[in-house]
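Trainee: Could we go through this structure together? I would like to practise reasoning from the atoms.

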Amino acid sequence: MMLHTASCGQCRDQVEQERPEGPSADPVAPALGTYPPLPSANAMIQPMPRLSVPAALALGSAALGAAFATGLFLGRWHPPWQSRREKRLLPPEDSPLWQYLLSRSLREHPALRSLRLLTLEQPQGDSMMTCEQAQLLANLARLIKAKKALDLGTFTGYSALALALALPPTGHVVTCEVNPGPPELGRPLWRQAEEEHKIDLRLKPALDTLGEAGTFDMAVVDADKENCTAYYERCLRLLRPGGVLAVLSVLWRGKVLQPKPGDLETECVRNLNERILRDARVHISLLPLGDGLTLAFKI
């Protein structure tokens, strides 16, 4: 902004013209007589106007309306959590904190690690048991002094090898698979870990194998979801009292929250979760590891 200013000479001439005559004249005195005295402090303080009840109601209604409009606007840009399906509850695998957790807790046999990395390279490899799930189940097997384990859904044998490493030298893992290809990818690593002799691969439908399998200390269910309830019931019958039954992928990539019509797999997983919740034959824990892990401890 530009200001128009007078020169110093012009200002001096104007002051001389306005100055009253007389030897004792004060150039400020005439100005004091020109304006009325300043009001007192008490006179300057004015009470706040009080709103009547209708006015207060109107103001409150306006505030609520503004809040509602703001929420409606934000809701369009940030839809409620129901519309954003959660696929996992834990931090992403590349999270620095999650990597720190794994680096301070994971003890993975070299052959088991190699098999995990090999499995992740395969189609549908990301559906395999996670390394933290495998270690937890292996530690549970040690805790209950398991000697015989059942594994439904071999794939490359990562879970079977994790269990075999946790069992004593005389231990035994019966693992079931209908596709002969993936287990052969893992077999050299079973051999490298010197655990191949503990792993009994059955290439037939799991329900057929379970009719001739005997009894077990531990069972892991990670097979097709259409038959997951039948697998649970059959494994529970084969499990000894105090045994552990683990069911994987019970959150089913978040689909259990809002299954789509006709999604049979998701409905089967939801039904199994409800059945286990109300099953008085077991103590249970549902953990957010991987895609969800239910542990059922047979009473």
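What follows is a set of short questions and answers on this predicted model.

Trainee: How many disulfides are there?
Mentor: A disulfide needs two cysteine sulfur atoms within 2.5 Å. Take cysteine 228: the nearest cysteine sulfur, that of cysteine 268, is 5.4 Å away, and cysteine 228 is in no disulfide. By this rule, the count is zero.

Trainee: Is cysteine 228 buried or exposed?
Mentor: Buried means under 20% relative accessible area. Cysteine 228 has 5% relative accessibility, so it counts as buried.

Trainee: What about cysteine 131, buried or exposed?
Mentor: Use the cut-off of under 20% again. Cysteine 131 has 10% relative accessibility, so it counts as buried.

Trainee: Which element gives the largest share of the largest nonpolar core?
Mentor: This core has 38 residues, and Tyr158 is among those that touch the most other members. Elements giving two or more residues include α7 (131-143), α8 (158-166) and β4 (216-221). The largest share is seven residues, and it comes from α8.

Trainee: How many residues are in the other core?
Mentor: That core lies apart from the largest one. Its members include Phe216, Cys228, Leu238 and Val282. The count is 25 residues.

Trainee: Over the ring of which residue does the charged end of arginine 253 sit?
Mentor: A charge over a ring must be within 6 Å of the ring centre. For arginine 253 the distance is 4.6 Å, and the ring belongs to tryptophan 252.

Trainee: And the charged end of lysine 148?
Mentor: Here the distance to the ring centre is 4.9 Å. The ring is that of phenylalanine 216.

How values were computed: Residues numbered from 1 in each chain as written. Predicted model: local features only at pLDDT ≥ 70, side-chain atom pairs only at ≥ 80, totals over all residues. Heavy atoms only, no water. Buried < 20%, exposed > 50% of the residue type's maximum accessible area, 1.4 Å probe, protein only. Lys NZ or Arg CZ within 6 Å of the ring centre and 35° of its normal. Core = buried A, V, L, I, M, F, W, Y, C linked by side-chain atoms within 4.5 Å. Helix = DSSP H or I, 4+ residues; strand = E, 2+ residues; numbered from the N terminus.
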